[in-house]
Amino acid sequence: MIKLMFADDEDLVRASLRGMMAGAPDIEVVGEANDGRSAVETARRLHPDVVLLDIKMRAPDDGIRALRAILELPSPPAAAMLTTFDVDEYVSLALRLGANGFLLKDIEPAALLRAIRDLARGGAVLDPGVAARMVRAHREGQRAAQPARKLLASLSEREREVVGLIGQGLSNAEIGGRLHLSEATVKGYVSAVLSKIGAANRVQAALLAYRGGLLDQ
């Protein structure tokens, strides 16, 4: 029996997923969550085999942060993003952080069941439309690398460290622990960095870290 958990902030989506799984004799929904924090807590408590995460829940980076935390559990499940946001940078960032797949919410029920079974067997799954764009996204990413690096070069060394850790999905408290700074100080750095790079939120900062090569270091 495959133990499945999913996280989505829309009640109708979670109800739809429960309905899809009802007819699968080999899949049991053991838990669900409506935000990233509860997703991590539920995964830690229930030890699912497979976790499906939306990207944007309570905050723009909620699913990405939850993904990183879930994959750092002692016995992590296979985790895939199930979302409406098929932006190429989100795909690359999720896969770079260790996601086992990236699926879109308009996937056919039979295809979703196959994907869950593949994930439980240790496989990787990628929406066909997303896969077809990955090569193109790689080429575009190479072209975007130079301006991203130039923008990062305008930051101080400490600010670049903060951006890199944002790119890894760390919270302000976690960044503070890593850099031996108070959470308030990190919050100030994050606000300053977002302003300097013209980013509206942490996801955009994480994408800049990815494009600029900070996640390769």
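## Questions about the strands and loops

Me: In E5 of this predicted model, which residue is the bridge partner of Ala80?
Reply: Strand E4, residues 78–83, and E5 pair in the parallel sense over four bridges, and Ala80 is also found in a bridge on the E3 side, since in E4 it is the partner of Leu52. Following Ala80 across to E5 instead, the bridge partner is Gly101.

Me: In what order do the strands of the open sheet of six strands stand?
Reply: Among the pairs, strand E3 (residues 50–53) and E4 run in the parallel sense over four bridges, and E5 and strand E6 (residues 125–126) do so over two bridges. In general, strands of a sheet pair through backbone hydrogen bonds, either parallel or antiparallel. Here the pairing is parallel, and the order is E2-E1-E3-E4-E5-E6.

Me: Which strands stand at the edges of the sheet, each with a single partner strand?
Reply: The order of the open sheet is E2-E1-E3-E4-E5-E6, and an edge strand has one partner strand, so one of its sides is left without a neighbour in the sheet. The strands that fit this description are E2 (27–33) and E6.

Me: How many of the six residues of E4 are buried?
Reply: A residue counts as buried when its relative accessible area is under 20%. Ala78, Ala80 and Leu82 point one way from E4, whereas Ala79, Met81 and Thr83 point the other way, and all are buried. The strand is therefore largely enclosed by the rest of the structure, and the count of its buried residues is six of the six.

Me: Which residues point the other way from strand E5 than Gly101 and Leu103 do?
Reply: E5 covers residues 101–104, and its residues are all buried, whichever way they point. Gly101 and Leu103 take one direction, and the other direction is left to Phe102 and Leu104.

Me: Phe102 stands opposite which residue in E6?
Reply: Phe102 is the bridge partner of Met81 in E4, and on the E6 side E5 pairs in the parallel sense over two bridges. In E6, the residue that stands opposite Phe102 is Leu126.

Me: Is the β-α-β crossover from E5 to E6 left-handed or right-handed?
Reply: The chain leaves E5, passes through helix H5, which spans residues 109–120, and then reaches E6. This crossover is left-handed.

Me: Which elements give two or more residues to the lining of the second largest cavity?
Reply: The search of the whole structure finds two cavities of 30 Å³ or more, and the second largest has a volume of about 30 Å³. Its lining includes Phe6, Ala7, Val13 and Leu17. The elements that supply two or more of the lining residues are strand E1 (2–7) and helix H1 (11–22).

Me: Where is His47, a residue other than glycine with a positive phi, found?
Reply: The phi of His47 is near 55 degrees, which is a positive value in a residue other than glycine. Looking along the chain, His47 is found in the loop between helix H2 (36–46) and E3.

Me: Is His180 buried or exposed, and what is its relative accessible area?
Reply: His180 also has a positive phi, of about 60 degrees, although it is not a glycine, and its place is in the loop between helix H8 (172–179) and helix H9 (183–197). A residue is called exposed when its relative accessible area is over 50%. His180 is therefore exposed, with a relative accessible area of 73%.

Technical notes
Residues numbered from 1 in each chain as written. Predicted model: local features only at pLDDT ≥ 70, side-chain atom pairs only at ≥ 80, totals over all residues. Heavy atoms only, no water. Buried < 20%, exposed > 50% of the residue type's maximum accessible area, 1.4 Å probe, protein only. Pairing = 2+ DSSP bridges. Right-handed = clockwise from strand over helix to strand, strands pointing away. 1 Å grid on protein atoms, 1.4 Å probe; cavity = no way out; pocket = protein on both sides within 12 Å on 5 of 7 lines; lining within 4 Å. Points joined across faces, edges and corners; volume = space filled by probe spheres on them.
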